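Trainee: Could you take me through one part of this model up close, and then show me how you would read a few other spots? I'd like the cut-offs spelled out as you go.

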Amino acid sequence: MDDKQSKTAFIGLSQALTGIAGSLLVPQFDSMNILQTIYDGFVNNAGPYAAQVILERFVSLRDQGLGDDEIAGRILADADNGPVAASLTKLWLLGNWYPLGSQSNPVVISSNAYIQGWAWKIAQAHPMGYSELEPGSWAEPPPPLGDYITPTPQS
Amino acid sequence: MQPTSSTAAPGTDGIVYDVVIVGAGVSGGIVASELAAKNLNVLIIEAGQPIPASRQDYMERFFTSPAKLPEAPYPPNPINADPSEFNVGRATTNDLANVRDQSKSYLVQNLGDNQTPFTSTYERVGGGTLWHWLGTSLRLLPGDFELKSKFGHGRDWPIPYDSMAPLYARAETEMGVACTVETQQYMDGLYPPGYQYPMPSIKQSYLDKTLQRSLAGVQIYGEPMNLAPTPAARNSRPYQGRRVCAGNTNCIPICPIEAKYDATVTINKALTTGKVTILYRTVASRVNVDSLDGKISGIDYITWTDPRGGASGHGTAVGKFYVLAAHAIETPRLLLMSADDRMPNGVANSSGQVGRNLMDHPLYLSWALMPEDKPIYPMRGPISTSGIETLRDTAHRRKWAAFRMEIGNEGWNFPINDPYQTPQDYIDGTNVSQLNPKLEKLHGTALVERLNKLFIRQFRIANLVEEEANPSSRVSLSWGYQDRLGLPRPLIDYRLSEYTRKGFKKARKVNSAIYKAVGATEYTVTNTEDPTYFEVDGEGFNYFGAGHIMGTTVMGSSRADSVVDSDQRCWDHDNLYIVGSSTFPATGTANPTLTIAALSFKTADILGKRLSK
Ligand SMILES: Cc1cc2nc3c(=O)[nH]c(=O)nc-3n(C[C@H](O)[C@H](O)[C@H](O)COP(=O)(O)OP(=O)(O)OC[C@H]3O[C@@H](n4cnc5c(N)ncnc54)[C@H](O)[C@@H]3O)c2cc1C
């Protein structure tokens, strides 16, 4: 896979694992350069070999015509790819890379990765320390979850 | 280490200041600013690094720190480091994971004889600990000043509430406290008629309003469970050129937009007068006493350049008056380190009380999940916007310690580090959060939906429990363990009194009753392995530090049993004052800084008068 193919596969895999549309994970105008940030965080920490193995596995499952849910389920069940997929899911949600199979000693990828973490949106909130909400908006319920995360398009 | 010689270094060479202050935090900052406004010359000696030109430096440290602990934004990074390697150590929350290991914990904690650790922390950088305070700015209540005479516990203050009221008003103006007076109805007579804070209360959170509705009419121990918006030094409208609070939910460890007051506001004001000099990276190491008149003749200091590099120079600062403002562990440490043959117990210590009566507001934490049909959407707004204050000054204090209940807007961040823990549980199939009892492993939309359903219902209550002065809880010197400058680190002896323990028991009862009344499911757990574990009447508890370090140079009405008088002047040395919560003889349940600020104004007034003579 060349760089472009790898990144396309990476977005597809990320969407399958997180349930968040690839077009949301990586917006069309990626002004924060989030794709490169998360992709580099992933490859550098998982290692290029493990990264390649999981992306190729994703491509082969997708080429079999499987849907996101099935693909994610199978990859997470793989002995080798499973822990890598779990750490990648955490990376998107939390902005941290956790060593495989571990919940401690995370590596923070960058301030940008922290700010873009999806856990905050899943909570219908904002990253602690970075809010663009209106002062006082905390007195009322937030907009519905769908305004933060549109459901994954079924592939 | 023995005192260094007294060659004056650049910055203090040959100058006699009107006042020399140790510590550039809020207490030292207020004294400096008030005196500078009276055209007096002030020197501040500050152990830590300078206030950075932009708070973005500290924000970046926060964002990229794996554990978003209170100390995370502030240098030096203490994680996995040996405190003996740092020139300027401090107690951190990271140390608490290693309280028994002196190669990791700056405070040397004596845990023998059923003692438990002291768990509050502080910063040693320009601007002090207020960088990561929450901003809660409650007044002490009248009964807090009469704990001994009215309720039979601990000590009284030598001053009544009434004498504090005008000083509180000044502190509220300086710090920009947002509060609508009418919301503070739990106590009569707190404010003079017509009193107004500089700005109205910050909006209560959706959580606060939801709880308030469900608790209407609920009484526990004879008191209504009313949620009052908490007076806080956070802007509800622009103030002193600072912005309105935008609800970053990050007061601790750092407000990204300085909508929360911190000491840099006052220190910068002081600096613009041109009358104040601050020497950063300058550690006061010894208070010298003139053998003839017993007055302070100078304060020795050590300078440094590299945080781990040891001393780079030393000197002596000389003034007409001296003010120690190094906070309640470092101030007594400095006095004790200044012992010599004439004063073997240290400076200002003829009473033997220096370092004693170490107190906090030990914190009982509980947490719960609202029912599915009543989400409260946390992680928005300031970390806390309301509290229940009705059990703070009741007749119950004869039997059990008072407490206040702080309602948290940051979900289960404090109890279990969410939003980090629950996602990991559902990704890895673990149950650290207790929210994944079936050890499910989810992915995709199912994961998102489950997490959402749980996050939006989380809340916690932090109970700040009162302590009574106990001379055997203390700070002394640990000569066996030193910092990189060769100064002995603080040695801590600490335990909770029966009075405080009973307060914990009641706090748990009240919290659980509140959860029941609002239909929430409680998840509070007690860890018997944690060094803070204690029991009362067979019931086990853990506690956290509130960050409110008090009592180590207590104020009193007699030189026989206290360190300072009601002006915060040391009984033993006519030109030495101490500002900060170390002078508090009783803690009450108000977070201390407003009272620290009020008393700093008082001391500044007295110094101003004495210097104008
Ligand atoms: C997590 C947390 C949350 C808090 N929230 C609240 C709250 O909501 N409300 C509230 O009222 N209070 C709160 N506090 C407490 C508050 O931070 C302190 O009461 C306040 O900072 C004390 O001010 P100070 O000026 O006395 O001391 P500090 O702010 O600690 O300043 C002391 C200064 O002295 C310097 N210093 C120390 N030793 C030396 C030396 N040997 N030589 C020279 N300089 C020295 C230090 O570097 C520091 O700059 C909180 C504390 C913590 C830890």
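Mentor: Let's start with one helix and its neighbours, then move to a strand and some backbone oddities. Bear in mind that this is a predicted model, where local features need pLDDT of at least 70, side-chain atom pairs count only at pLDDT 80 or more, and totals for chains, interfaces and linings use all residues. Residues are numbered from 1 along each chain as its sequence is written, chains are lettered from A and ligands numbered from 1 in the order in which they are written, and side-chain values use heavy atoms, leaving out hydrogens and water.

Helices (H or I, at least four residues) and strands (E, at least two) are DSSP runs, numbered from the N terminus. Two packed helices are described by the angle between their axes and the distance between the axes. Those axes are lines fitted to C-alpha atoms, for helices over the stretch in contact, and the angles run from 0 to 180 degrees between N-to-C directions.

Our close-up is H1 of chain A, residues 3-18. Its axis and that of H4(A), residues 48-63, come within 9 Å and cross at roughly 75 degrees. H1(A) and H4(A) are therefore roughly perpendicular (under 35 degrees is roughly parallel, over 145 roughly antiparallel, 65 to 115 roughly perpendicular, and the rest oblique). On the H1(A) side, the contact (heavy atoms within 4.5 Å) is made by A:Ser6, A:Ala9, A:Phe10, A:Gly12 and A:Leu13. H4(A) brings A:Ile54, A:Leu55, A:Phe58 and A:Val59. Sorted by type, that makes seven nonpolar, two polar and no charged residues; here Ala, Val, Leu, Ile, Met, Phe, Trp, Tyr, Cys and Pro count as nonpolar, Asp, Glu, Lys and Arg as charged, and the others, Gly among them, as polar.

H1(A) also meets H3(A), residues 34-46, with axes that come within 11 Å and cross at roughly 90 degrees. That makes this pair roughly perpendicular too. A:Asp3, A:Ser6, A:Lys7, A:Phe10 and A:Ile11 of H1(A) touch A:Leu35, A:Gln36, A:Ile38, A:Tyr39 and A:Phe42 of H3(A). The split at this contact is six nonpolar, two polar and two charged.

Now hop to chain B and strand E13, residues 403-408. Six of its six residues are buried, so the strand is largely enclosed by the rest of the structure (buried is under 20% relative accessible area, exposed over 50%, partly exposed in between, with a 1.4 Å probe and protein chains only). In a regular strand the side chains alternate between the two faces of the sheet. In E13(B), B:Phe403, B:Met405 and B:Ile407 point one way, while B:Arg404, B:Glu406 and B:Gly408 point the other.

E13(B) runs antiparallel to E12(B), residues 386-388, through three bridges, with B:Gly387 partnered by B:Glu406. E13(B) also pairs with E14(B), residues 458-465, in the antiparallel sense over six bridges, and B:Phe403 stands opposite B:Val465. Pairing takes at least two DSSP bridges between the strands.

Last, the backbone oddities in chain B. A cis peptide bond links B:Ile252 to B:Pro253, with omega about 10 degrees. Another joins B:Asp418 and B:Pro419, with omega about 10 degrees. B:Asn114 is not a glycine, yet has a positive phi of about 60 degrees; this residue is exposed, at 68% relative accessible area. B:Tyr377, also not a glycine, has a positive phi of about 55 degrees, but counts as buried at 16% relative accessibility.
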